[in-house]
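Here are my notes on the model you sent over. Have the structure open while you read, and follow the points in order.

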Amino acid sequence: MTEKEMKAQTFLNTLNANAKALGSSYSQWKFGNDGFPVLSWIE
């Protein structure tokens, strides 16, 4: 993936949809300070 694709809202939505499908309530993703997705509990 390109940097632009990884920083897109659609990619973040895909990550969160996959986490939800796996039944993981703590593996939600958000954008970090650098614009890349990070797990919400890390920052």
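**Notes on the second helix and its surroundings**

1. Let's start with asparagine 16, which sits in helix α2, residues 9-21. Keep in mind that what we're looking at is a predicted model.

2. Is asparagine 16 buried or exposed? It counts as buried, because its relative accessibility is 17% and the cut-off for buried is under 20%. As for company, asparagine 16 touches Ser27, Gln28 and Trp29, leaving aside residues up to four places away in sequence.

3. Now the helix as a whole. With its 13 residues, α2 reaches 18 Å from first C-alpha to last, close to the 18 Å expected at 1.5 Å a residue.

4. Asn16 has buried partners in α2: the set is Phe11, Leu12, Leu15, Asn16 and Ala19. Why do these five belong together? They cover an arc of only 135° around the axis, so they end up on the same side of α2. The background is worth a reminder: an α-helix has 3.6 residues a turn, so residues three or four places apart point the same way.

5. Flip to the other side of α2 and you'll find Thr10, Lys20 and Ala21, which are exposed.

6. What covers the buried residues of α2? The cover includes α1 (3-6), along with the strands β1 (29-31) and β2 (37-39). Trp29, one of the residues that asparagine 16 touches, falls within the range of β1.

7. Have a look just past the end of the helix too. Right after α2, glycine 23 takes a positive phi of about 80°.

8. Stepping back, the chain has 2 helices and 2 strands, and from the N terminus on they run α-α-β-β. The C-alpha atoms fill a box of roughly 30 × 20 × 15 Å along the principal axes.

9. On burial overall, 28% of the chain's 43 residues count as buried. Taking contacts with a separation of 6 or more, 23% are between residues 24 or more positions apart.

10. Last, the surface and the charges. The chain exposes about 3,300 Å², and carbon and sulfur atoms supply 58% of that. There are 4 positive and 4 negative side chains, with the centres of the two sets 8 Å apart.

Technical notes: Residues numbered from 1 in each chain as written. Predicted model: local features only at pLDDT ≥ 70, side-chain atom pairs only at ≥ 80, totals over all residues. Heavy atoms only, no water. Helix = DSSP H or I, 4+ residues; strand = E, 2+ residues; numbered from the N terminus. Buried < 20%, exposed > 50% of the residue type's maximum accessible area, 1.4 Å probe, protein only. Contact = heavy atoms within 4.5 Å. Areas by Shrake-Rupley, 256 points an atom, 1.4 Å probe, with all protein chains shown as cover. Lys, Arg positive; Asp, Glu negative; His and termini not counted. Charge placed at Lys NZ, Arg CZ, Asp CG, Glu CD. Expected span 1.5 Å × (residues − 1). Arc of directions from axis to C-beta.
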